[in-house]
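I opened this model to follow how its strands pair, and to look up one loop residue whose backbone angle caught my eye. My notes are below.

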Amino acid sequence: MQIRLGIITCLFVSSVCFADASDYDYVQVAYASANNDIASGADFSGFGVKGSFQFYRDFYGSVRYVDVSDDGEIAGLSASAEQLNLGIGYIFGANETASLYGEVNYIDVSASASLGGVTASASDDGYGVGAGVRLNTGPRSELHFGVLHEEIGSLFSETTFVGEWLFDFFPSESDGVAISGLLGYNSTSGGESVYFGARVSF
């Protein structure tokens with residue numbers, strides 16, 4: 001299942017004057033396109049959904065689901081992968097300009113591939129640990145930088161570096177709902193991906 005490497009994870013006090021980097025209550029959906037450095041020419045695409053909610057002081061929970069498949073650029077190749085992350089995190093510090101967090105995840109992965117009439121599939125689970133910083137960069141924009149290391153049984157071990165930019169198209173009014181556009185980039189030892197989507201904060 002080396003095809004899986006670099007694909008799924010290569011697919012992460014407020015002020016009224018700035019975007020809210022201390023807001024950990026949101027749902028987002030994104031479309032991703034990834035290349036794979038291990039299987040040359042095998043590009044993947046798919047979607048991801050993520051939710052986060054702050055539930056006790058500086059603790060928050062998160063759920064992420066990613067589903068990707070190959071783009072059919074290699075004749076006869078059919079491959080797909082799914083990943084589910086269940087996480088709990090802690091916000092170490094937050095102010096009007098930034099917040100710093102750490103997170104641990106339970107991860108479940110399944111992948112399959114077929115080439116030349118030969119089919120293989122595998123599934124396993126494991127854990128991930130990560131940390132990052134969210135920065136208010138303007139009245140309606142935010143930057144997010146993070147790193148996540150994953151250990152998934154016999155399938156893979158890898159570290160992902162994440163960069164995201166968000167822009168509030170419809171900012172929150174009096175702690176209401178905000179809608180943001182999302183553009184991201186992930187890099188791992190197995191490849192890289194770009195993705196775009198939307199986030200609803202509440």
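Before reading bridge partners I fixed the terms: two strands count as paired if DSSP finds at least two bridges between them, and strands are DSSP runs of at least two residues, numbered from the N terminus. I also kept in mind that this is a predicted model.

Entry one, the overall sheet. I found that 10 strands close into a barrel in the order S1-S2-S3-S4-S5-S6-S7-S8-S9-S10, with antiparallel pairing. Neighbouring strands of this sheet are turned by 20° against each other on average, direction ignored.

Entry two, the pairs around S4 and S5. I looked up S3 (residues 59-70) and S4 (residues 78-94), which run antiparallel and are joined by 11 bridges; here Tyr 65 has Leu 84 in S4 as its bridge partner. Moving on, I counted 16 bridges from S4 to S5 (residues 98-115), again an antiparallel pair, and the partner of Asn 85 in S5 is Ile 107. Three residues lie between S4 and S5, which form a hairpin. On to S6 (residues 118-138), I noted that 18 bridges join S5 to this antiparallel strand, where Val 104 stands opposite Val 129.

Entry three, the loop residue. Arg 57 sits in the loop between S2 (43-56) and S3, and its phi is near 50°, a positive value in a residue other than glycine. I marked this down because most residues other than glycine have a negative phi. I then checked whether Arg 57 is buried or exposed, and with a relative accessible area of 67% Arg 57 is exposed, since the cut-off for that word is over 50%.

Methods: Residues are numbered from 1 along each chain as its sequence is written. This is a predicted model: local features need pLDDT of at least 70, side-chain atom pairs count only at pLDDT 80 or more; totals for chains, interfaces and linings use all residues. Side-chain values use heavy atoms; hydrogens and water are left out. Helices (H or I, at least four residues) and strands (E, at least two) are DSSP runs, numbered from the N terminus. Buried means under 20% relative accessible area, exposed over 50%, partly exposed in between (1.4 Å probe, protein chains only). Axes are lines fitted to C-alpha atoms, for helices over the stretch in contact, and angles run from 0 to 180 degrees between N-to-C directions.
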